[in-house]
Amino acid sequence: MHLSHAAAQALMVAAQGLHRRPDTAASKADLLATIRRMGVLQIDTIHVVARSPYLVLWSRLGAYSQEWLTDLLAEGALFEYWAHEACFLPIESFPLFRRRMLDARIEGMKWKYSHEWAAHNGEALERVLAHVREHGPARSSDFERTDGQASGWWEWKPEKRALETLFTAGELMIARRHNFQRIYDLRERIMPDWDDARVPPIELVRRTLAIQAVRALGVTCARWVADYFRTSLRDTMPLLPALAAEGALIEVAVEGWEHPAYIHPDNQALAEAAAADALVPELTTLLSPFDPLVWDRARALAMFGFDYRIECYTPASKRRYGYFTLPILRRGQLIGRLDPKAHRKEGRFEVKALHLEPGVPVTSALVDDIAGTLREFADWHATPTVEVRLSDPPKLAALVQRAVDRAAAPPKRARKRPAKAASEQ
């Protein structure tokens, strides 16, 4: 099979569930199905608009109840662990990541908390583990700071670091979240029927994660696969030709690619539709900086010509686009980005700046697509007043503002004609 570059773009967007919205309102089951489709849902706590995991789901499903995500975690349909980064994962993936918990030698695993700290703080680890065992689920805030240090993002108290170290080691799991704070409990209480005899060998873990990554990406070259679940590039790249040779994956050619591309058999029908120019993305939506479509910045550049960086860690004077810019996906293309802020108490959604990519023409259809997406996004945040401040090109802000305001205006009622008198009937 041969895919044009445009067909490969459409296939990747569709495999990620970003080509069109479902025909019916989202349900909790749809959230779980969406996470299973992606294989992973990255967690981030920045709250300029909705936190990233909620935003990733909204991008695909539209309006839904955010409580459903924490419900799925508490019900055991999801679990948390380090995958691409800290992530929600379908519970059926637990055996793969239990291997990661048990085997720190897996190359490519980005251990967050050093063995050196654990080696010198065994008492803190035992004390925190004993507390959870005796008193039940615990939060970091349950432990008062006693080391005399100031609080801060990089100055965790020993108990918080112990909780996270025990979580990384798989001794503790996240039972649920409250106000997005983690609540930790013993693994054996969360998964009482689990037996480590069911942990697969590392070779099977690598193979399975590679297959899952290819399915989630839709179409990919070998070098992009390892990033999806943060596996070893050296171990993962040779797997792709072997998996294709045995039929677990399908090798295809993509226009302009020097090396082979791969698709999953589950996506063959989508790929054939894309090759026939019959797969046409329709959706315009906003993406989280941590959306799987754009979290690999090199892949986003190669696939969509979109050079994207998140600038929240960049000094304000050096930012080009804004603190937390969201990519704009329009009908299968990344056409721009915007810098938003949801002022929830005021019911106001502010677009500080809206930037189109070079060469993207300002048309009435584009303006309507962006405005409709902003209106939908703002309504989901319960911030009905939308203000578009600045744009590049400059004329775009006013055009989008007028279109957003039109979308918010109640429909005009048709004037009723007076009833005719009996003599006129």
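How many bridges join strand 13 to strand 14? Seven, and the two strands run parallel. Strand 13 covers residues 348–356. Before I go on, please keep in mind that this is a predicted model.

Let me stay with that sheet. It is an open sheet of five strands, in the order 10-11-12-13-14, with mixed pairing. At the edges are strand 10, residues 284–286, and strand 14, residues 385–392, and each of these pairs on one side only. From one strand to the next, the twist averages 25 degrees. If you want one pair of residues to look at, take V351, which stands opposite V388 in strand 14. Then look for helix 17, residues 395–408. Helix 17 lies across strand 13 and strand 14, and runs at about 160 degrees to strand 14.

Now the other sheet I want to show. Three strands form this open sheet, in the order 2-4-3, and here the pairing is antiparallel. Strand 2, residues 41–42, and strand 3, residues 78–82, are the edges; each has a single partner strand, so one side of each has no neighbour in the sheet. Strand 2 pairs with strand 4, residues 86–90, over two bridges. Q42 has C87 of strand 4 as its bridge partner. Helix 2, residues 28–38, packs on this sheet and touches strand 2, strand 3 and strand 4. The direction of helix 2 makes about 110 degrees with that of strand 4. Helix 5, residues 94–102, also packs on the sheet, touching strand 3 and strand 4, and its direction makes about 30 degrees with that of strand 3.

Next, a pair of helices. Helix 1, residues 5–15, and helix 14, residues 268–275, have axes that come within 9 Å and cross at roughly 145 degrees. The crossing is right-handed. On the helix 1 side, the contact is made by A7, L11, A14 and A15; on the helix 14 side, by L270, A271, A274 and A275. Sorted by class, that gives eight nonpolar residues, no polar ones and no charged ones.

Last, helix 16, residues 364–380. Why should its 17 residues span 24 Å? Because each residue counts for 1.5 Å, with the count taken as one less than the number of residues. The end C-alpha atoms are 24 Å apart, which agrees. Several residues of helix 16 are buried, including L366, D369, R375, F377 and W380. After helix 16 comes A382, which has a positive phi, near 60 degrees.

Conventions
Residues are numbered from 1 along each chain as its sequence is written. This is a predicted model: local features need pLDDT of at least 70, side-chain atom pairs count only at pLDDT 80 or more; totals for chains, interfaces and linings use all residues. Side-chain values use heavy atoms; hydrogens and water are left out. Two strands pair if DSSP finds at least two bridges between them. Helices (H or I, at least four residues) and strands (E, at least two) are DSSP runs, numbered from the N terminus. Axes are lines fitted to C-alpha atoms, for helices over the stretch in contact, and angles run from 0 to 180 degrees between N-to-C directions. Contact means heavy atoms within 4.5 Å. A crossing is left-handed if the near helix is turned anticlockwise from the far one by less than a right angle, and right-handed if clockwise. Ala, Val, Leu, Ile, Met, Phe, Trp, Tyr, Cys and Pro count as nonpolar, Asp, Glu, Lys and Arg as charged, and the others, Gly among them, as polar. Buried means under 20% relative accessible area, exposed over 50%, partly exposed in between (1.4 Å probe, protein chains only).
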